[in-house]
Amino acid sequence: MAFAGRRLRISDMRDVGVATEIGPADFDIGETEPRGLAIAPNGTAYLVGATRHRLATLNLATGIATEIGPEDFDIGETEPGSLAIAPNGTAYLVGAVRDRLATLNLATGVATEIGPAGFNIGETSPQGLAIAPNGTAYLVGATRHRLATLNLATGVATEIGPAGFNIGEVSPRGLAIAPNGTAYLVGAARDRLATLNLATGIATEIGPAGFNIGETSPQGLAISQSRRGYIVGSVLQRLSSLNLSRTRIAGATSDNFTINRESIDITTKDDIGVQHLLGEVGVYNIEASIEGVLQDLRLLDLVASNLPSTQITRLYEIDVAGLGTFSGPWFISSFEATGTEGAEAITFTANIMSAGEMNFVPAAATS
């Protein structure tokens, strides 16, 4: 597929995933094992944890929690894994003791089980639950350590995969979906932020390790309507804000923007002259020739800084007008900047190609 003449916006993702502590320790209620964090459509934040194993509201400015209760959510759930709130305000809870889905009354903290046990896929340690803006629910857990969709009416899950999310994350914890449809994952094995492709379950790490604050056991992740991220973890056991903002560094137009999908031929001599292809893509990549105007010298500095090193890829988000956003590692194979000293704008031409798994969010979801 080729798309020519499209407007592009290129953003740097280096600072995405950096956390800033808010505090206080234990959330001021003695909660040393925070698990689930969720933000309701009205902006109220809620917390569940394995020490207090009850519902609490959480002040996002101070990190101080206020318990609601009751203990064990009235269903004997002493190991809550995650909390999610649907666009209509309905709250859902998953936990490792009951290993099933439950609705949660945000006013009282009382849960009502939906089921079934193990979510019908043998997931006995659910950890991350998130609901997309369109109402689709997604689940990650430490038993299956892969992505699954979750039927909120029945609690039945359908695996998407792959195991370890393709990055070796065998201890997934927090899952959250931004208002624009971008999904994010945190886990205790990789202890960093990753974007997650909701169609394939493949993750792309952003970093940094420990979220720049030494949080090696992240547990709960939530994103507000203003696209500000928040994280709780059991090492620092306090609230931190999480940077999800990209820095726009260039605007451009594509002379050529091509998505390549190479097929795998599985034809044999017994197929009598009929070609058969494997139902999976062999090689997938994106190539583009672009020209545009630099917002500042950041892109030029990034290209130049690669010259003496072995690092040839960088994490960028490229927003293609009318198509959507592609985020992940990119390789800039050629770059030429033109302009006179003191000029207001520096123009450039470049050839770029994808260098790994891309997370794609369609334009319809970002509008």
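Ala 102 stands opposite Glu 113 in strand 11. The model is a predicted one. Ala 102 belongs to strand 10, residues 101-104, which is joined to strand 11 by 3 bridges. The two strands run antiparallel.

**The sheet 8-9-10-11**

Strands 10 and 11 are part of an open sheet of 4 strands, ordered 8-9-10-11. Its pairing is antiparallel. Strand 8 and strand 11 (111-113) are the edge strands, and each pairs on one side only. Between neighbouring strands of this sheet the turn is 30° on average, direction ignored.

**The sheet 16-17-18-19**

Another open sheet has 4 strands in the order 16-17-18-19, again with antiparallel pairing. Strand 16 (172-177) and strand 19 (203-205) stand at its edges. Each has a single partner strand, so one side of each is left without a neighbour in the sheet. The twist here averages 30° from one strand to the next. At one end of the order, strand 18 (residues 193-196) pairs with strand 19 in the antiparallel sense, over 3 bridges. Within that pair, Thr 195 faces Thr 204 of strand 19.

**Strands 5, 6 and 7**

Strand 5 covers residues 45-49 and strand 6 covers residues 55-58. They form a hairpin with 5 residues between the strands. In this hairpin His 53 takes a positive phi near 30°. Strand 6 also forms a hairpin with strand 7, and 6 residues lie between these two. Gly 63, in the turn, has a positive phi of about 80°.

The table sets out antiparallel strand pairs, with their bridges and one opposed residue pair each.

| Strand pair | Bridges | Opposed residues |
|---|---|---|
| Strand 5 and strand 6 | 4 bridges | Val 48 and Leu 55 |
| Strand 6 and strand 7 | 3 bridges | Thr 57 and Thr 66 |
| Strand 10 and strand 11 | 3 bridges | Ala 102 and Glu 113 |
| Strand 18 and strand 19 | 3 bridges | Thr 195 and Thr 204 |

**Glu 77**

Glu 77 sits in the loop between strand 7 (65-67) and strand 8 (80-85). Glu 77 is buried, yet it has no salt bridge. Its nearest side chain of opposite charge is that of Arg 98, 5.4 Å away. A salt bridge requires a side-chain nitrogen of Lys or Arg within 4 Å of a carboxyl oxygen of Asp or Glu.

The backbone of Arg 98 is another matter. Its nitrogen lies 2.9 Å from a polar atom of the Glu 77 side chain. Not counting residues up to four places away in sequence, Glu 77 touches His 53, Asp 72, Gly 95, Ala 96, Val 97, Arg 98 and Asp 99. One of these, His 53, is the positive-phi residue in the hairpin of strand 5 and strand 6.

**Thr 154**

Thr 154 also lies in a loop, between strand 14 (147-150) and strand 15 (157-159). Thr 154 is partly exposed: its relative accessible area is 37%. That value falls between the limits, because buried means under 20% and exposed means over 50%.

The side chain of Thr 154 reaches the backbone nitrogen of Val 156 at 3.2 Å. Leaving aside neighbours within four places in sequence, Thr 154 is in contact with Ile 114, Gly 115 and Pro 116. Thr 268 is 114 residues apart from Thr 154 along the chain, and 44 Å separates their C-alpha atoms.

Notes: Residues numbered from 1 in each chain as written. Predicted model: local features only at pLDDT ≥ 70, side-chain atom pairs only at ≥ 80, totals over all residues. Heavy atoms only, no water. Buried < 20%, exposed > 50% of the residue type's maximum accessible area, 1.4 Å probe, protein only. Lys, Arg positive; Asp, Glu negative; His and termini not counted. Polar contact = N/O pair within 3.5 Å; in protein donor to acceptor, adjacent residues only side chain to side chain. Contact = heavy atoms within 4.5 Å. Pairing = 2+ DSSP bridges. Axes fitted to C-alpha atoms, helices over the stretch in contact; angles between N-to-C directions.
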